[in-house]
Structures are given as C-alpha cells and as structure tokens.
Amino acid sequence: MHPTEIQVGLDVGGTFTDAVLLAGNEILEKAKVTTQPDNVLDTVLQALELLNIYDKPVSEITVSTTLITNAILQYKLPKVDLLLFPGSGMSLDSLSWPVPYEVLKGELDYRGREIIPPDELEWRRLLNRYQKFPQSKVAIAGKFSHRNNLHEHKLEAFLHKHYPELSITLGHEWGQANFYRRSLTTYLDSACSDIYQGFAVQLKQAMSQKGSNAQVSVLKADGGVLPLLKLHPVDSIYSGPAASILGALAQTEPDQSFVVVDIGGTTTDIGLVLSGHPLLNSHGARIGAFSTLVRSLAVRSISAGGDSTILSEGNTFKLEPYRQGPAYCLGGPAPTPTDAMRYLNLIPYGSFAKAEEALAQLLPDNKRDSLHLHQLAQAILSRLAEKIAQVIEDLYQEWREEPAYKIWEVLHPHDHLNFYVWVSGGAAPGIVESLENRLHTSVKTGMYPEVSNAIGAALARPTFSCTLHLDTSIKRYQIEETGQQGEWLGSRKPHKEVQSFMEKIAEEIAKDKGIELGEPITQPFDYFPIVRGYQTVGQIVRGSLIVPPGVRGRVKR
C-alpha cells in the first residue's frame, strides 16, 4: 500500500456497523450506524456516506460482513440438491448430515483412478426432477474428486446439456481430503451464491453511481482480503472475528503474543495472536451445524456482549444469551452490562439516570440505594468477565492442540506465560478491570476500541495459499486451494522443476484473483517414492507457497 493511499474499512456487526477512513495509516474519519440485519447493503452505504468518501480519492474499501454468516445461522438458504459419489468403504449414516443428500454410483480410488464408472440410468432419472425445476441449485461432491474431478465434470456436463440453466457447484474446487467437510462446504457455497452475488452487484452499482472507482474487497475468515467479485461466498463467514484479530494487530507492536477479546453488542469474539501472527484453525471453520473446509482463524464467538439482556431471578440476576435492543441507558428496553458500565462511570456514553433506573429494576425496593446499586453493577461485570474467562480457558486447551501452536511453543518455550489480553469494542474500557481481576493477567485496550474491527478491515492484506500435490507415476497434479487439476509433463523423479512449476501456477492464481503475492513463503517439499517390483516408478510430491494473514502497517496514534 502506498503511504498516501486512502483506505476505508467497514465492519458490519450484529448491532452496529463501524467505519474508518485512513490515509497513510492515520485515521481521518470515523462513523457508526445501526446495522439493519435485513438490509446490509443500505447499512454499508449509510456508513460510506457518513465518511464523505465520494469527494476523496479512495483506493480501496474493505468490508467485513455478517451477510453470509447470518443467512446460514438463520436458515435463510434456498434448496440445494446435494449429489454424492461416496464410493465404497464409507458409512454416510455414521456422520451427522444437517441437510439431505442423494448417493450416486461411481467410484475412484484414493489416487484418483476410476474403479467403477457412473451409472447413466441414475443420471437420467434426475432429469425428471429438473424438468419441473430447470433453475435448481445442485452441489456435486465425490469422495476422491480432489484427486480426479472426472465424475463431477461428467455429471455437470450431462445435466447442463439438458438443462443449461441449472446452477451447479463442484466439490473438487475445495481440494482437500475431508469428503464430509468438502460436501457441506460445496453445499453452502451453492446455497449462498445468490445472496452474496446480489449484495456484491448492488454494492458495485451503487458505488459506480456515486462516482467512486475504489476497489471493493471483502475480508475472509482467514483474515485475508479478496476483491468483491472474486470471493467464494462461504469464505466470508466469520469475517467479523477476523477483523477483530487484525484490528488488534494494527494497534500493537510486532512479535507480541496475546489473546484478543472483542466485545460487541450481541456477541464476544475471542482469538489468539502468537508472536505477531494470528493462529489459524487447521481443520476449517464450523458454522452452526455445518463443518466446512473454509480456512479460518482459530476464533470463537459467544452469545454475550455489552447489550446482553439481564433478567431478575429471585435474589440474583441472569445474564441471557440474547439481545433485545440497545442498552437501557441508550433508550433500550432492558438492563444490560452496558448499563452497569455507565453507572460505574467506566464508559462516557449513555444516560447515567437511565443506567441507574435499569439496575434498580433488578433489586427489591428496600435495596435500591447507591451501595447496593454499586455492588450489583460490579457483580454484573464480574459475571460477564467470568463467562469470557471460562471460554478463554477452554480455548487455550484447543489452541494447544493446533499444529501451529505446538511449533510456536517449541520455539518460544516460556512465552505462553507472558500472554496478555487485548480488549476491543465499544464496551472495552468497561470490562478491563473485571477481566484483570478474574484472569490475573494484564488486560489492555487501544486508542480506538470502538472502531478497532473497521481498522482491521482497512489494513488487512491479501492471504494466499497454493498447495501442490503431484503424483508422477500417474502424471497427475492437483492444487488443493482451487481444485485445479492437470497432467504432469515433467520428470518422474523431479526436484527443482517442481518449485518453479508451483510458483508459475501460484502467479496465475494470484493474477486471476486480482491480488499481488508480494513475498510469499515457500514451505519445504516432501518427496515420497513409489516403489513397484523393487524399482522406483515415481514420486508423490507435496509442497506449498503461502502468504499468511497480517496487516499493512500499524495505525498511527
């Protein structure tokens, strides 16, 4: 990023949408609007208007959006036919499928060689269904299609020949080995395509009508950015939690290790940074009932935030996992932790009198004095801090099982003892003391906690990964991240030529995605000989080239 370029970051949260305008990593404008869950496009356009971007030479606008996350969690998805080629040796009934599926004949082995051809009679029976619904959505996934997409492509061609208006998504494009996760990821990407494309096209049109030529990008679950129209829709899940991690990175010194806690109105997002690098989830994101292959940061969202409803329960109170509206001190209908923060003067916004009134509702008439109100406010914040702390402690055990964490722990054997907690969000100043008391560790917050996620979106850089799987004995290669497959024309025992081959493919992929690679990291190659009859007949080669998540500089104070 050129130091004089103007960047815009937007974070569409469950309660508010925050926006910042930066030039040379210095914040020039900030904005906050109420999120309209059913009209994310209008929310984004309102925030951009408040930043007055249309009379400035803005180079890039990056959006972190809950659009796809909400569509999945609220079951606002169209019907998709999930067609599977599971082959033999796998009991689909032993897995928990959140959606119906249909099994088709046809089998490949683990190296992608055809064992049993498909049955075209089965395919012809499908045509009867699509005669009635020729614009249906179809997701096709084969057990070993990540090694050979033959059956998926054949079925796609057969269906499109008869019904070209069918919307078909293929599983090999998510080129990893987990068939269950690959099938569900393919399903979700198909189901979310119209929702996402509608948002993307309308946003680009609205920007063009306003005279803006800025590139619009979307933050992905892994903390990277891609141009709006180049993104797989399902890759945008959990972009909010990713923004919170990147916002913390943009406001801290490089090489530090800390836990990130982003307290929103509806939820709290928790993640981890190790020596300046966000920890990635090695398995793929899980959203609702769906386990996916979406690359994501190792984060978790919990149903507790500054606007969580508090109800009276006998002689005590209960912190509910839902939000009824804004805090009572801001005109909302029920007491919340934000009211406790306002009563204790830990935050500057909201009506003090209303906050006092909200807390008084939770106490009997004879205990509505300043002493009991003060104790209640502290107890509410302690309860919220306890809920957050318990999740951090649970997550710590999960994080320690991640391969990247284990490597980091070997290289930094004592640094985990020096973790601090970084808190962001509008309610951040109000929870610092309670979290410190519960966790017995340092808790910090930045200069801009109320727009930290928008800062993270604005300064996020592209991520990239290109993993090559090459089987020279059958002369086939695959690229894990894109599903690209083809014939290998090189040596059966390659060495240096493999790296140059992968680098060329990586450059082509990056160009197609509209991103610059910068200085990617090449992971060491693994070479496994294939021996037949005491002779080496080929090799299985695996290697990767990556650009990890990070930020383009630190925000200036």
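Let's start with a list: Arg 111, Arg 147, His 469, Asp 471, Ile 474, Arg 476 and Gln 478 line the second largest cavity. Two elements, β25 and β26, each give two or more residues to that lining. The space inside is about 30 Å³. By class, the lining has one nonpolar, two polar and four charged residues.

Before going on, the ground rules. This is a predicted model, where local features need pLDDT of at least 70, side-chain atom pairs count only at pLDDT 80 or more, and totals for chains, interfaces and linings use all residues. Residues are numbered from 1 along each chain as its sequence is written, and side-chain values use heavy atoms, with hydrogens and water left out.

Now the terms. Rolling a probe the size of a water molecule over the atoms shows where empty space is left. We work on a 1 Å grid over the protein atoms alone: a cavity is a set of points where a 1.4 Å probe fits but cannot get out, a pocket is an open set with protein on both sides within 12 Å along at least five of seven lines, and lining residues have an atom within 4 Å of a point. Volume is the space filled by probe spheres set on the points, with grid points joined across faces, edges and corners. Helices (H or I, at least four residues) and strands (E, at least two) are DSSP runs, numbered from the N terminus.

Next, strand β25, residues 464-471. Eight of its eight residues are buried (under 20% relative accessible area, 1.4 Å probe, protein chains only), so the rest of the structure largely encloses the strand. Phe 464, Cys 466, Leu 468 and Leu 470 point one way. Ser 465, Thr 467, His 469 and Asp 471 point the other way.

Who are the neighbours? Strands pair if DSSP finds at least two bridges between them. β25 runs antiparallel to β30, residues 535-547, with eight bridges joining them. There, Cys 466 has Leu 545 as its bridge partner. β25 also pairs with β26, residues 476-479, in the antiparallel sense over four bridges. Here Asp 471 is matched with Arg 476, and both residues line the second largest cavity. The two strands form a hairpin with four residues between them. In the turn, Lys 475 has a positive phi of about 55°.

How many cavities of 30 Å³ or more does the structure hold? Two. The largest has a volume of about 330 Å³. It is lined by 19 residues, and the closest to its centre are Lys 220, Asp 235, Arg 295, Glu 481 and Lys 513. That lining has six nonpolar, five polar and eight charged residues.

On to an open space. The second largest pocket holds about 1200 Å³. Of its 38 lining residues, Leu 280, Arg 295, Ala 404, Gln 523 and Ile 546 are the closest to the centre. β25 and β30 are among the elements that give two or more residues to this lining. The split is 17 nonpolar, 14 polar and seven charged.

Last stop, strand β4, residues 58-64. Six of its seven residues are buried, so β4 is largely enclosed by the rest of the structure. It pairs in the parallel sense with β1, residues 6-12, over six bridges. Ile 6 has Val 58 as its bridge partner. β4 also pairs with β11, residues 215-219, in the parallel sense over four bridges. In that pairing, Val 63 stands opposite Val 218.

Conventions:
Buried means under 20% relative accessible area, exposed over 50%, partly exposed in between (1.4 Å probe, protein chains only). Ala, Val, Leu, Ile, Met, Phe, Trp, Tyr, Cys and Pro count as nonpolar, Asp, Glu, Lys and Arg as charged, and the others, Gly among them, as polar.
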